[in-house]
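Trainee: I should like to learn how to read a structure of this kind. May we go through it together?

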Amino acid sequence: MKTIIILGDGMADYPIPELGNKTPLQAAHKPNIDRLAALGRSGRLATVPPDLPAGSEVANLAVLGYDVHKVYNGRGVLEAAASGVPVQADDLAMRCNLLCLENERIKNHSAGHISTPEAHQLIEALNSELADDRIRFYPGVSYRHILVIKNGNAKLKLTPPHDVPGTLWRSVVPQSSAPEGNETAALLNDLILRSQEILAHHPVNLERIKNGKDPANSAWFWSAGKRPQMQTFQEMYGLSGAVISAVDLLHGIGVYAGLEVIHVEGATGLSDTNYAGKTAAALDALKRVDFVYLHVEAPDEAGHEGNAKLKTRCIEDLDQKVVKPILEAALASSEPFQIAFLPDHPTPCSTRTHSYDPVPFVIFTPGTIPDAVSRYDEFSAEAGIFGLIHNGEFFRLLYP
Ligand SMILES: [Zn+2]
């Protein structure tokens, strides 16, 4: 049987006083999602093991049935795959930010959200001065780029710059986490220093300073990892598949999972995303492939903003613009397909960051007897027939 997983990133939450002590999932008017729960079977899923970061990359890998302890190699290498950067088995790939330093401190992680054309000139300058047989920079979007080091070692302690605005940059430079990483850490420190010399006098930055904008006056490296040893969906389950998302991380997971990566125009990752376009693309893809992963980033962004009302509205949009047409298609189809609906992790509005709590899920498989759960939210799912399951176990429920 074919399957669509609809993933509302970060949807789950805690009760919020502003919503009458309901979670956004409880407060939202979502008749179609609740109907899915009434027709299907529910449970709770602990996606992220306590010893790994509660990131979307780990959580989505878990939903897709991967053993996250084996395949998780950081987000840098997934973003590299998403941008088409070739990463070989002995390569170390990582994120390279162009950021703004001021008075020896990290002013911001984005160099004032530098434009892509400006950033590409700077990355080109870094490559012409610093790249060699071993080192290469790959340009991405705005401040987000990739560095690949041949035979680099991943035993590193790297600091995501968005976590440390205002910090003295020398206090958070790359370090090794084990002696094997010493050489790579020294190389990264050298690259940071040399990038600063090159960028300081680059015409793009002189122009930005003249116009009162933040210069991109340093490269910064974080989330280094090796190419993940991931089996494809064909190898693991004998399934062909596609992923639809606005987010690079999901595209990268799709590349390594052997899924077709479908780009939908107007998919922004925000609450104004092109829901209808993504839904149409998902239903269309399902005619060709066995499995579609439809990822919607918007509720996560609302959670990071701490905006409970917006998050509730994102869930209502998901209900009307995504779940409704997909459920109607499943019920009307001569070729029944199953629908799963869940978040990857909670992004509580109160903490504005991801949490490790289990998430509610529902699976509707045409022809199976539903359980007693008739609403979809964090608490209703506790009575679900699947109980509490852990990371890689979820996907096996779809193909027992
Ligand atoms: Zn997420």
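**Reading strands, a helix and the whole chain**

Mentor: Let us begin with one pair of residues: Arg95 has Trp222 in strand 9 as its bridge partner. Please keep in mind that this model is predicted.

Trainee: Which residue of strand 9 is the bridge partner of Leu98?

Mentor: Leu98 is partnered by Ala219. These pairs belong to a wider arrangement, in which strand 3 (residues 91-102) and strand 9 run antiparallel and are joined by six bridges.

Trainee: With which other strands does strand 3 pair?

Mentor: Strand 6 (residues 144-150) is one of them, antiparallel to strand 3 and linked to it by seven bridges. Within strand 6, Leu147 lies opposite Met94. Strand 4 (residues 105-108) is also antiparallel to strand 3, through three bridges. There, Arg105 of strand 4 faces Glu102.

Trainee: How many residues lie between strand 3 and strand 4 in their hairpin?

Mentor: Two residues separate them, and Asn103 in this turn has a positive phi of about 50°.

Trainee: How should I think about the side chains of a strand?

Mentor: As a general idea, side chains in a regular strand alternate between the two faces of the sheet. One may then ask how far a strand is covered, counting a residue as buried when its relative accessible area is under 20%. In strand 3, 11 of the 12 residues are buried, so this strand is largely enclosed by the rest of the structure. In strand 9 (residues 218-225), eight of the eight residues are buried, so strand 9 too is largely enclosed by the rest of the structure.

Trainee: Which residues of helix 10 are buried?

Mentor: Seven of the nine residues of helix 10 (residues 248-256) are buried, and the helix is mostly covered. Among them are Leu249, Leu250, Ile253 and Tyr256. The buried residues of helix 10 pack against several elements, including helix 3 (56-63), helix 5 (76-82) and strand 12 (291-296). Just after helix 10, Gly258 has a positive phi of about 75°.

Trainee: How many helices and strands does the chain have?

Mentor: The chain has 14 helices and 15 strands. Its radius of gyration is 22 Å, close to the 21 Å that the globule rule gives for 400 residues, so the chain is as compact as a globular protein of that length. Of the 400 residues, 56% are buried. Among contacts with a separation of 6 or more, 74% join residues 24 or more positions apart.

How values were computed. Residues numbered from 1 in each chain as written. Predicted model: local features only at pLDDT ≥ 70, side-chain atom pairs only at ≥ 80, totals over all residues. Heavy atoms only, no water. Buried < 20%, exposed > 50% of the residue type's maximum accessible area, 1.4 Å probe, protein only. Helix = DSSP H or I, 4+ residues; strand = E, 2+ residues; numbered from the N terminus. Pairing = 2+ DSSP bridges. Rg over C-alpha atoms; globule rule 2.2 N^0.38 Å. Contact = heavy atoms within 4.5 Å.
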